Amino acid sequence: SGRNEHGWDLSLADALRASEKRYRQLFESMTEGFALHEILTDEREQPYDYRFLSVNPAFERLTGPKAADLLGKRVREVLPAVEPYWIENYGRVVRTGEPVRFENYSTALGRWYEVFAYRVAPRQFAVAFTDVTERKTAEEALRRSEARFRSIFEHAPIGIAIADWEGRLQVCNPAFIS
């Protein structure tokens, strides 16, 4: 095997190209959104913003903004209404090196996201995320339905009771007791 213009053994260069190609395909085909960011801090090292370094196609599908409109820009530049908790969470990840998983609502994007964030280098962090808006909406609808049922049950003018198969009372409303 010969050497290329950089002096690398061709088999090593081929292996590196193949590895890069595999990781690029993985990055491009992930169904989860992925982004690499740089945290920006003030003179006291407090995070105040972050810059987009790289995003995958799923990031675009799950958030709306296109890579061309994001890369190199600050989040407050492209999403001025971004809530401080995003920057605070990511700043803590970069400062401590401890990864974090959380769910939060983005008012700027009108969506709920489940996010896994971790530090990849000094001042840099990556996020992998999914859109959980549909699940959160269903959970909220279930909570509202449960609250309506409970209110009707508790305030019904007639007695209502629920018993198991053996006839043992499981729950009853105030009108049933009186």
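Glu83 is buried (under 20% relative accessible area with a 1.4 Å probe, counting protein chains only), yet Glu83 has no salt bridge, that is, no side-chain nitrogen of Lys or Arg within 4 Å of its carboxyl oxygens. The nearest side chain of opposite charge is that of Arg76, 8.9 Å away, where Lys and Arg count as positive, Asp and Glu as negative, and His and the chain ends are not counted. This is a predicted model, in which local features need pLDDT of at least 70 and side-chain atom pairs count only at pLDDT 80 or more, while totals for chains, interfaces and linings use all residues. Residues are numbered from 1 along each chain as its sequence is written, and side-chain values use heavy atoms, with hydrogens and water left out.

**Surroundings of Glu83**
- Glu83 sits in the loop that lies between helix 4 (75-78) and helix 5, helices being DSSP runs of H or I with at least four residues and strands runs of E with at least two, numbered from the N terminus.
- Leaving aside neighbours within four places in sequence, Glu83 is in contact (heavy atoms within 4.5 Å) with Tyr105, Ser106, Thr107 and Ala108.

**The sheet**
- An open sheet is formed by 5 strands in the order 2-1-5-4-3 with antiparallel pairing, two strands being paired if DSSP finds at least two bridges between them.
- Strand 2 (47-55) and strand 3 (100-106) are the edge strands, each pairing on one side only.
- On average, neighbouring strands of this sheet are turned by 35° against each other, direction ignored.

**Strand pairs and hairpins**
- Strand 3 pairs with strand 4 (residues 111-121) in the antiparallel sense over 7 bridges; Arg101 has Phe116 in strand 4 as its bridge partner, and Glu103 has Glu114.
- The hairpin of strand 3 and strand 4 has 4 residues between the strands, and Gly110 in the turn has a positive phi of about 65°.
- Strand 4 and strand 5 run antiparallel and are joined by 8 bridges, with Tyr113 standing opposite Asp131 in strand 5.
- The hairpin of strand 4 and strand 5 has 2 residues between the strands, and Arg123 there takes a positive phi near 70°.

**Helices on the sheet**
- Helix 5 (residues 84-96) packs on the sheet, touching strand 1 (33-41), strand 2, strand 3, strand 4 and strand 5 (124-131), and its direction makes about 165° with that of strand 3; axes are lines fitted to C-alpha atoms, for helices over the stretch in contact, and angles run from 0 to 180 degrees between N-to-C directions.
- Helix 6 (residues 133-155) lies across strand 3, strand 4 and strand 5, running at about 135° to strand 4.

How values were computed
Buried means under 20% relative accessible area, exposed over 50%, partly exposed in between (1.4 Å probe, protein chains only).
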